[in-house]
Amino acid sequence: MRTVALVGFGTVGQAVAKILCEGSYDHLRLTHICNRNVDRKKVDWIPTDVIWTDDIAEVIDSDASIMIELIGGLDPAFDWIRRSLEAGKSVITANKQVIARSGGLLLNLARENKCQLLFEAAVAGGIPVIKGVREGLAGDQLFRILGILNGTCNYILTRMETSGTSFAAALTEAQNLGYAEADPTADVDGIDAQAKLAILSAVGLHREIDFTQIPLGTIQPIEPIDFIYARRLDCTIRQVSRAELIDANDRCVRASVQPMLVPLVSTLARVEGSQNVVVVEGTFGGETAFSGYGAGGNPTAVSVVSDLESIARRVNDASVDWHTITKADPVEREFVEPHYVRFTVTDRPGIIASLAGVFSRHGINVESILQEPGCPKDELPFVVTLDSCSTVAIKEALSEIASFDFHARQPLWMPIAPKGERRP
């Protein structure tokens with residue numbers, strides 16, 4: 001019999017408790033629930049022998065053998081996880097920020113104290129990507145990870161795509177449905193996915209990267225017109241998290257989280273609404289995709305309880321072995337790929353020539369120019385697609401272009417995901 005203390009009784013915590021209380025888990029017993037203002041959280045469907053408390057010390061000093069941390073954030077979550085491991089308790093967490101920053105330290109601490117630390121729910125909610133990569137693909141050598149790791153962004157972008165609604169309207173809809181927080185910055189600016197990508201890099205590519213070095217791009221400037229132009233290019237738009245080995249034998253990882261045009265035929269394009277997907281590419285197995293609901297109480301709770309089962313049923317340590325993970329060099333930010341740039345201008349003669357001159361000076365070749373008819377001349381949106389060039393070159397060119405006086409709004413730049421397989 002494994003005894004379990006649940007720390008955090010919000011949406012996910014309640015879903016975990018319901019699974020444990022309503023399912024056939026005779027080998028698992030919920031003994032404690034810890035939460036702030038705990039009297040307000042009490043519900044009558046929890047067994048009467050469960051101890052309710054707002055004191056983490058009571059949990060750490062208890063005989064519970066497993067602590068589930070679901071409070072989120074760095075403080076006090078990191079401290080509570082650390083103290084629980086030091087007390088010899090195994091820990092299950094959905095806390096991406098703690099694992100991205102301190103996963104190696106905490107996993108070593110768990111090993112020293114002969115307990116375990118599992119975090120399946122920290123990445124992609126209910127999708128078993130951590131276990132799938134570690135166990136199902138253990139025989140392969142992965143070199144690239146692509147993912148849609150934030151359900152809020154994916155919901156907003158697919159609503160803009162299917163209904164032609166604005167970013168602001170789609171965000172409000174997501175907030176009303178509970179998909180987005182009152183402050184959506186971490187989601188729409190890529191901060192949430194940034195931490196998840198760092199965890200996937202460690203588990204899948206065996207490279208530990210400083211997640212704060214992963215460059216970010218926000219989805220906020222995207223407009224419905226961009227989906228019209230993307231469709232003309234046989235693409236759609238998604239917030240894409242990506243990490244890849246520059247060379248299979250070195251320590252450097254190239255990574256980013258940003259909106260991109262992705263081909264309609266790709267796995268990333270087919271994931272809609274609040275769903276997530278993780279696509280990994282290996283030397284021997286090729287492409288493997290994991291998809292499903294990446295957020296929400298019930299899907300995330302399934303991952304948490306699955307980790308509980310891993311601890312309860314396995315003799316061997318189910319934790320990630322951090323000793324197999326190499327400390328990576330600083331994150332490489334430069335990709336070489338095609339690009340999409342949408343300009344919104346006050347129309348006049350010579351604009352295209354001015355843009356072409358700048359791109360030419362930076363060694364960038366214009367591939368096509370697209371312009372939808374019927375747009376007002378004082379805010380005319382048109383798109384320039386560019387042949388493959390480096391991230392540095394496109395940013396330098398756009399910095400020079402920003403000085404021109406014909407802009408009605410700032411240009412929007414997005415990479416275009418290449419079609420087909422690329423190997424390092």
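**Exercise 1. Determine which element gives the most residues to the lining of the second largest pocket.**

*Solution.* Begin with the terms. A pocket is an open set of points on a 1 Å grid over the protein atoms alone, where a 1.4 Å probe fits, with protein on both sides within 12 Å along at least five of seven lines; lining residues have an atom within 4 Å of a point. Helices (H or I, at least four residues) and strands (E, at least two) are DSSP runs, numbered from the N terminus. The model is predicted: local features need pLDDT of at least 70 and side-chain atom pairs count only at pLDDT 80 or more, while totals for chains, interfaces and linings use all residues. Residues are numbered from 1 along each chain as its sequence is written, and side-chain values use heavy atoms, with hydrogens and water left out.

Next, list the lining: 23 residues, of which Gly217, Leu398, Pro411, Leu412 and Trp413 lie nearest the centre of the second largest pocket. Strand E10 (253-263), helix H14 (391-401) and strand E17 (407-415) are the elements that give two or more residues to this lining. E17 gives the most, with five residues.

**Exercise 2. State the volume and the lining classes of each of the two pockets.**

*Solution.* A volume is the space filled by probe spheres set on the grid points, which are joined across faces, edges and corners. The largest pocket holds about 1200 Å³ of space. Its lining comprises 42 residues, and Val12, Lys96, Glu181, Asp192 and Ala295 are the closest to its centre. For the second largest pocket, the space is about 580 Å³.

Then sort by class: Ala, Val, Leu, Ile, Met, Phe, Trp, Tyr, Cys and Pro count as nonpolar, Asp, Glu, Lys and Arg as charged, and the others, Gly among them, as polar. The lining of the largest pocket has 17 nonpolar, 18 polar and seven charged residues. That of the second largest pocket has eleven nonpolar, seven polar and five charged residues.

**Exercise 3. Classify the ring pair of phenylalanine 9 and tryptophan 52, and locate both residues.**

*Solution.* Rings of Phe, Tyr and Trp (its six-membered ring) pair if their centres lie within 6.5 Å; planes under 30 degrees apart count as stacked, over 60 as edge-to-face and the rest as tilted. Five aromatic pairs result from this rule. With centres 5.3 Å apart and planes at 85°, the pair of phenylalanine 9 and tryptophan 52 is therefore edge-to-face. Phenylalanine 9 is in the loop between strand E1 (2-7) and helix H1 (11-22), and tryptophan 52 is in strand E3 (residues 51-53), so the pair ties together parts that are 43 residues apart in sequence.

For accessibility, buried means under 20% relative accessible area, exposed over 50%, and partly exposed in between (1.4 Å probe, protein chains only). Phenylalanine 9 is buried at 0%, and tryptophan 52 is buried at 17%. Finally, Phe9, Trp45 and Trp52 form one aromatic cluster.

**Exercise 4. Is asparagine 37 buried or exposed, and where does it lie?**

*Solution.* Asparagine 37 lies in the loop between strand E2 (28-34) and helix H2 (38-41). Its relative accessibility of 51% makes asparagine 37 exposed. Although not a glycine, asparagine 37 has a positive phi of about 50°.
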